[in-house]
Amino acid sequence: MRHISRLLLLCASGSLLLLTGCQTGRVAGGSYHVTAYRPHDPSKVKVKLSTSTQNLFVMEGDRLLMAVQANVGKPGAPTPHGHFTIYSKQKERRRQSEPDRGYPMAYWCEFAPAYGFHEGFVWPVPHTHVCVRLHRQAAARLFALTRIGTPVEIASSFPEDKEYGHLVRRLDQSRDPDPPRSQL
């Protein structure tokens, strides 16, 4: 009940950023919606990614701005752990290397050479070629919440998994069709 009251208060005060939208993909309970809150101080925004849970948290100090499911690197091509910084952003981008050269990767936020967050199919298990894929809505909101210089922490787990992990809606787009080759 406390969370609902806080959400209503935030809605009334205009502090909510891009709340609604739908996308294809199987989700328990219907359409996939991503809630993200506008930061009070964008210079204090930080991204935390837990590779063991595939949870991505966008934080402003101790304040949660967004909690979503991500898709991390598969065995043999794991997403790197460590402290990084977003140093390049492109709203429209395509994969430059094989396999799948030309694959659309919108809302690119690069945190290491050729590694970044981007839109793509989200699987329930690690499945990427090192990068971090996000549902279209989540990728767009991450793009809006971050800027060049935003810190990124990637580790097996974070305390936020226990505190906010229950807020992450699970998504399985593993059976959705790939974009037609004519798009690549």
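## Strands 9 and 10

Two strands count as a pair if DSSP finds at least two bridges between them. With that in hand, welcome to this predicted model, and to a hairpin in it: strand 9 and strand 10 have 2 residues between them, and Ala 114 takes a positive phi near 70 degrees there. Strand 10 covers residues 115-119, and its antiparallel pairing with strand 9 runs over 3 bridges.

Strand 9 (residues 108-112) also pairs with strand 8 (residues 88-90), again in the antiparallel sense and over 3 bridges. Glu 110 appears in each of these pairings: Ser 88 is its bridge partner on the strand 8 side, while Gly 116 stands opposite Glu 110 in strand 10. As for cover, 5 of the 5 residues of strand 9 are buried.

## The chain as a whole

Stepping back, the chain holds 3 helices and 13 strands. It has 184 residues, and 48% of them count as buried. Its accessible surface comes to about 9,600 Å², with 56% belonging to carbon and sulfur atoms.

The contacts have a long reach in sequence: among those between residues at least 6 apart, 66% join residues at least 24 apart.

## Strand 5 and its neighbours

Is strand 5 largely enclosed or open? It is largely enclosed by the rest of the structure, because 6 of its 6 residues are buried. The cover extends to both faces: Asn 55, Phe 57 and Met 59 are buried on one side, and Leu 56, Val 58 and Glu 60 on the other.

Strand 5 pairs in the antiparallel sense with strand 4 over 6 bridges, and with strand 6 (residues 63-71), also antiparallel, over 6 bridges. On the strand 4 side, Val 47 has Val 58 as its bridge partner; on the other, Glu 60 stands opposite Arg 63. Each pairing comes with a hairpin. Between strand 4 and strand 5 there are 4 residues, and Gln 54 has a positive phi near 60 degrees. Between strand 5 and strand 6 there are 2 residues, and Gly 61 in the turn has a positive phi of about 65 degrees.

## Thr 51 in the loop

The loop between strand 4 (45-50) and strand 5 (55-60) contains Thr 51. Why does Thr 51 count as buried? Its relative accessible area is 15%, and buried means under 20%.

The side chain of Thr 51 makes a polar contact of 2.9 Å with that of His 81. Leaving aside residues up to four places away in sequence, Thr 51 also touches Val 72, Thr 79, Ile 154, Ala 155 and Ser 156.

## Nonpolar cores

The largest nonpolar core has 34 residues, and those with the most contacts inside it are Leu 56, Met 66, Phe 117 and Leu 134. Several elements supply at least two residues each, including strand 4, strand 5, strand 6, strand 9, strand 11 (132-134) and strand 12 (151-155). The largest share, 6 residues, comes from helix 2.

Met 66 touches Leu 56, Phe 57 and Val 58, along with Ala 138, Arg 141, Leu 142 and Leu 145, among others. Apart from this core lies another, of 6 residues, among them Met 59, Leu 64, Ala 67 and Tyr 164.

How values were computed: Residues are numbered from 1 along each chain as its sequence is written. This is a predicted model: local features need pLDDT of at least 70, side-chain atom pairs count only at pLDDT 80 or more; totals for chains, interfaces and linings use all residues. Side-chain values use heavy atoms; hydrogens and water are left out. Buried means under 20% relative accessible area, exposed over 50%, partly exposed in between (1.4 Å probe, protein chains only). Contact means heavy atoms within 4.5 Å. Accessible areas come from the Shrake-Rupley method with a 1.4 Å probe; for residues, only the protein chains shown count as cover. A polar contact is a pair of N or O atoms within 3.5 Å; within protein, one must be able to donate a hydrogen and the other to accept it, and residues adjacent in sequence count only if both atoms are side-chain atoms. A nonpolar core is a set of buried Ala, Val, Leu, Ile, Met, Phe, Trp, Tyr and Cys residues joined through side-chain atoms within 4.5 Å.
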